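Here is a short set of exercises to work through with the model open beside you. Try each task yourself before reading its solution.

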Amino acid sequence: MKIKLVYHYTLKSYPWQSSDYGMRLPIFRSVPEDQVLYQTERYNEETFGYDIPIKEEGDYVLVLKFAEVYFAQSQQKVFDVRLNGQHVVVKDLDIFEKVGHSTAHDELVSFTIRKGKLSVQGEVSTFNGKLLVEFVKGYYDNPKVCAICIIKGTVEDVPKLLPHPGLEKKEEEEEDDDYEEGNEKKTLSKKKVKSGPRTPDPYASDNSSLMFPILVAFGVFIPTLFCLCRL
């Protein structure tokens, strides 16, 4: 399927602060021709954003490209992404927490524009011809973005990043944990016995007939022992 690229931005599009610090690093999960998209970025010390013109109605996917090329641990850069000043479509994004260092990460946000309305993640607002994409400053460092593009279509139409062995292993372990937890719940439910007639207690029966021979033998043994002692 041919992808219709509606919009993309370069570092020169807006006056926000730019950085090419990542140019010294190879970016995992990215094909060679896309490396520069993740090696360069725009950031700001406060919330910043871009007005993106969209002229046609339809279904779209906002593709936000990121890579953490500076911090080497989580909780160092965390921020939100907001559309049209009211729809928080990505909450508490911690790039390092998601994929680690110098690794490509894409956030895909599906939205629809019809009859002057923007619909995204179950929310609706008025659309005036431009999509405002904001990167909202949080408590940890400055918000940033490496690249933005908008594709007309669905998430399935967006090219996927290359596989990352470490991320795949982590996802498999999480799936295994979920599977084991589900099996454990099923096993417990299978072991549960439904209520019904109480099983007869084998020890509750009258054992007086079994004790009689023992009492007789004990009664005979005592006089015999007494006689032997007398001798």
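## Exercise 1: Salt bridges across the chain

The structure holds 7 salt bridges, a salt bridge being a side-chain nitrogen of Lys or Arg within 4 Å of a carboxyl oxygen of Asp or Glu. This is a predicted model, in which local features need pLDDT of at least 70 and side-chain atom pairs count only at pLDDT 80 or more, while totals for chains, interfaces and linings use all residues. Residues are numbered from 1 along each chain as its sequence is written, and side-chain values use heavy atoms, with hydrogens and water left out.

**Task.** Find the salt-bridge partners of E41, D59 and E134, and say which parts of the chain each pair links.

**Solution.**

Step 1. Start with E41, whose partner is K144; their closest N and O atoms are 2.6 Å apart. E41 belongs to strand 3 (residues 41–43) and K144 to strand 12 (residues 144–145), so this pair ties together parts 103 residues apart in sequence. Strands here are DSSP runs of E with at least two residues, and helices are runs of H or I with at least four, numbered from the N terminus.

Step 2. Check how accessible the two residues are. Buried means under 20% relative accessible area, exposed means over 50%, and partly exposed lies in between (1.4 Å probe, protein chains only). E41 is buried at 8%, and K144 is buried at 1%.

Step 3. Move on to D59, which forms a salt bridge with R114 at 3.4 Å between the closest N and O atoms. D59 sits in strand 5 (residues 58–66) and R114 in strand 8 (residues 105–114), so the pair ties together parts that are 55 residues apart in sequence. D59 counts as partly exposed at 34% relative accessibility, and R114 counts as partly exposed at 45%.

Step 4. Finish with E134, which pairs with R82 at 3.0 Å between the closest N and O atoms. This pair links distant parts of the chain, with E134 in strand 11 and R82 in strand 6 (residues 78–83), 52 residues apart. E134 is buried at 15% relative accessible area, whereas R82 is partly exposed at 23%.

## Exercise 2: Reading a sheet

**Task.** In what order do the strands of the 4-stranded open sheet run, and which strands are at its edges?

**Solution.**

Step 1. Trace the sheet: the order is 4-11-6-7, with antiparallel pairing. Two strands pair if DSSP finds at least two bridges between them.

Step 2. Look for strands that pair on one side only: these edge strands are strand 4 (48–53) and strand 7 (87–93). From one strand to the next the twist averages 15°, with axes taken as lines fitted to C-alpha atoms and angles running from 0 to 180 degrees between N-to-C directions.

Step 3. Follow the pairing of strand 4 with strand 11 (residues 130–140), which is antiparallel over 6 bridges. Across this pairing, F48 stands opposite F135, and D51 stands opposite L132.

Step 4. Now turn to strand 6, which also pairs with strand 11 in the antiparallel sense over 6 bridges. Here F79 stands opposite K137.

## Exercise 3: The surroundings of D80

**Task.** Is D80 buried or exposed, and which residues does D80 touch?

**Solution.**

Step 1. Locate D80 in strand 6. At 13% relative accessibility, D80 counts as buried.

Step 2. List the contacts (heavy atoms within 4.5 Å). Leaving out residues up to four places away in sequence, D80 touches V88, V90, K91, D92, E134, F135 and V136.

Step 3. Pick out the polar contacts, which are pairs of N or O atoms within 3.5 Å; within protein, one must be able to donate a hydrogen and the other to accept it, and residues adjacent in sequence count only if both atoms are side-chain atoms. The side chains of D80 and K91 are joined by one of 3.3 Å. The D80 side chain also reaches the backbone nitrogen of D92 at 2.7 Å.

## Exercise 4: Confidence

**Task.** Over which residues is the pLDDT below 50?

**Solution.**

Step 1. Begin with the chain average: the mean pLDDT (the predictor's confidence in each residue, from 0 to 100) is 79, and 66% of residues reach 70 or more.

Step 2. The stretch is 188–231, which has 0 contacts in the model beyond near neighbours in sequence. Where pLDDT is low, the predicted coordinates should not be read in detail.
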